[in-house]
Amino acid sequence: MADTVTVEDLEFDRQHIWHPYTSITNCYEMYPVTGAEGVRLTLADGRQLIDGMASWWSAIHGYNHPELNEALQRQLGKMAHVMFGGITHPPAIRLARQLLDVTPALLQQVFFADSGSVSVEVAIKMAIQYWVATGKPAKKRLLTVKKGYHGDTFAPMSVCDPEGMHEVFSGMLLDNVFVEAPQCGFHDDWQEEHIAEFKVALDKHHQAIAAVILEPIVQNAGGMRFYSPAYLKRVRELCDDYQVLLILDEIATGFGRTGKLFACEYADISPDIMCVGKALTGGYMTLAATLCTQQVAHTISNQGVLMHGPTFMANPLACSVASASLELLQAGHWKAQVEQLSITMEACLAPCRELANVADVRVLGAIGVVELKQPVDMKTIQPLFVNEGVWVRPFGKLIYIMPPYVMEQEDCQLLCKAIYQVITKIK
Ligand code: PLP
């Protein structure tokens with residue numbers, strides 16, 4: 001049967017289906033996508049869009065990838081799902097081995113979660129349970145920086161930017177400690193005063209702090225900000241000095257996006273707990289993981305169990321396609337691809353700097369950001385991008401791209417040119 005979308009379908013969608021962060025009564029236009037191949041999305045009317053978003057930064061190898069398809073089909077013929085309590089299976093074992101191979105060596109234990117937000121929930125629970133097991137149950141709060149984003153469920157929301165998108169829930173969130181977002185940019189010279197406020201907060205609250213949680217090097221949905229590896233390095237040292245765990249949320253940055261396989265490699269540090277998701281399955285299925293050290297895992301386990309166990313934990317289809325995605329990464333082409341994207345974005349986004357309503361242009365790895373002086377209206381700007389033949393989804397003042405790594409230079413150039421064109425058209 002042809003995959004068509006009628007006007008009635010769209011009206012049904014508008015009236016009955018919640019999309020991310022939408023109002024049912026004040027909804028912007030939904031674009032029906034009926035197929036995706038390589039770096040292009042096909043709209044129901046046949047138009048093709050160059051995808052600058054990689055499905056919220058996850059489809060790193062592009063769409064309809066033969067090796068990922070094959071991995072999924074192979075597993076589908078064996079077992080789509082089985083509970084993970086009391087049962088294990090080859091796809092989970094294979095994937096856990098691969099994850100331990102590519103992540104920092106101190107991480108030795110894998111918990112498979114079903115989304116990025118859940119993996120952050122689990123990380124926070126791990127940190128709290130660790131200190132309970134250590135005989136320090138007062139250590140229950142998290143210390144983090146403003147402008148962060150860690151997911152939309154309650155524990156992650158309580159470590160997101162307190163002035164950000166979750167304000168409606170203020171007063172109901174966990175009582176955490178926030179300091180200003182890192183002020184030292186990725187290329188800036190490091191000065192110890194950049195960490196001063198963080199240090200004061202840790203000194204004051206460490207007896208109540210279970211863990212520090214950070215997105216390493218790039219603060220993503222909270223502002224697409226890049227900060228200095230020196231900041232992260234100092235955070236690691238201070239966590240050790242003050243006996244506080246370090247959770248790194250590599251959900252957006254992991255698997256090559258910043259130019260390193262994991263962003264923590266820029267600072268040459270290892271966290272106690274690390275969250276990965278998004279690109280883990282090459283954007284094919286929902287799967288995430290929380291990894292931790294033997295120290296954390298054994299301390300919790302010697303006292304009892306880790307209190308979490310989702311129904312779809314370690315789904316075999318998701319694990320299989322994640323294994324195939326990691327194999328593609330391990331083949332090693334991603335590094336050159338990300339470097340090329342970085343060079344192309346640097347060159348082709350640079351002209352945006354000259355535009356009156358542009359505040360900043362920055363690029364790191366396969367992340368390109370144009371920060372405007374004023375927030376954009378989604379209803380106005382989205383059709384402009386579609387008319388330019390690209391899929392870009394800005395938020396607030398930020399127009400950014402995180403394309404699939406397999407994007408050819410020419411397509412990346414078209415994407416950047418489209419951004420320039422659209423900015424010239426908005427007031
Ligand atoms: N952490 C970070 C850094 C993210 O960027 C995101 C999603 O954008 C999440 C957590 C939440 O992941 P998910 O949307 O899979 O729940």
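# Close-up views of the predicted model

**View 1. Right after helix α12 sits Gly-389, and its phi is positive, near 85 degrees.** Helices here are DSSP runs of H or I with at least four residues, strands are DSSP runs of E with at least two, and the numbering of both starts at the N terminus. Bear in mind that this is a predicted model: local features need pLDDT of at least 70, side-chain atom pairs count only at pLDDT 80 or more, and totals for chains, interfaces and linings use all residues. Residue numbers start from 1 along each chain as its sequence is written.

**View 2. Helix α12 (residues 378-387) with its buried side.** Ile-381, Gln-382 and Phe-385 are the buried ones to pick out. A residue is called buried when 20 or more other C-beta atoms lie within 10 Å of its own, exposed at 12 or fewer, and partly exposed in between, with C-beta atoms placed from the backbone. Looking down the axis of α12, the buried residues fall within an arc of 100 degrees, so they line one face of the helix; the arc is taken from the directions between the helix axis and the C-beta atoms. Those buried residues pack against β15 (390-391) and α13 (409-425), where a contact means C-beta atoms, placed from the backbone, within 7 Å.

**View 3. Asn-387, another residue of helix α12.** Asn-387 counts as partly exposed because 13 C-beta neighbours lie inside 10 Å. Asn-387 and Lys-136 are 251 residues apart in sequence, and their C-alpha atoms are 58 Å apart in space.

**View 4. Strand β5 (residues 141-145), with 5 of its 5 residues buried.** Both faces are covered: Arg-141, Leu-143 and Val-145 are buried on one side, Leu-142 and Thr-144 on the other. β5 runs parallel to β7 (residues 209-214), joined by 3 bridges, and also pairs in the parallel sense with β6 (residues 177-179) over 3 bridges. Pairing takes at least two DSSP bridges between the strands. Leu-143 is a handy residue to centre on: its bridge partner is Val-212 in β7 and Val-177 in β6.

**View 5. Strand β4 (residues 107-113) and its neighbour β12.** Since 6 of its 7 residues are buried, β4 is largely enclosed by the rest of the structure. β4 pairs with β12 (residues 288-293) in the antiparallel sense, over 6 bridges. One pair to look for is Leu-107 with its bridge partner in β12, Thr-293.

**View 6. The shell around the ligand.** There are 14 residues around the ligand, and Gly-116, Ser-117, Gly-151, Ile-251 and Ala-252 come nearest; to be near, a residue needs its C-beta atom, placed from the backbone, within 6 Å. Helix α5 (residues 116-133) supplies the largest share of this shell, 3 residues. By class, the shell splits into 5 nonpolar, 7 polar and 2 charged residues. Nonpolar covers Ala, Val, Leu, Ile, Met, Phe, Trp, Tyr, Cys and Pro, charged covers Asp, Glu, Lys and Arg, and the others, Gly among them, go down as polar.

**View 7. Where domain 1 (7-64 + 332-425) meets domain 2 (69-330).** The bounds come from an automatic or database domain assignment. Taken over C-alpha atoms, the two domain centres are 26 Å apart. The contact takes 24 residues from domain 1 and 19 from domain 2. On the domain 1 side, α2 (54-57), α11 (333-349), β13 (358-364), β14 (367-372) and β16 (398-401) each supply at least two residues. That side of domain 1 has 15 nonpolar, 7 polar and 2 charged residues.

Terms used:
Contact = placed C-beta atoms within 7 Å.
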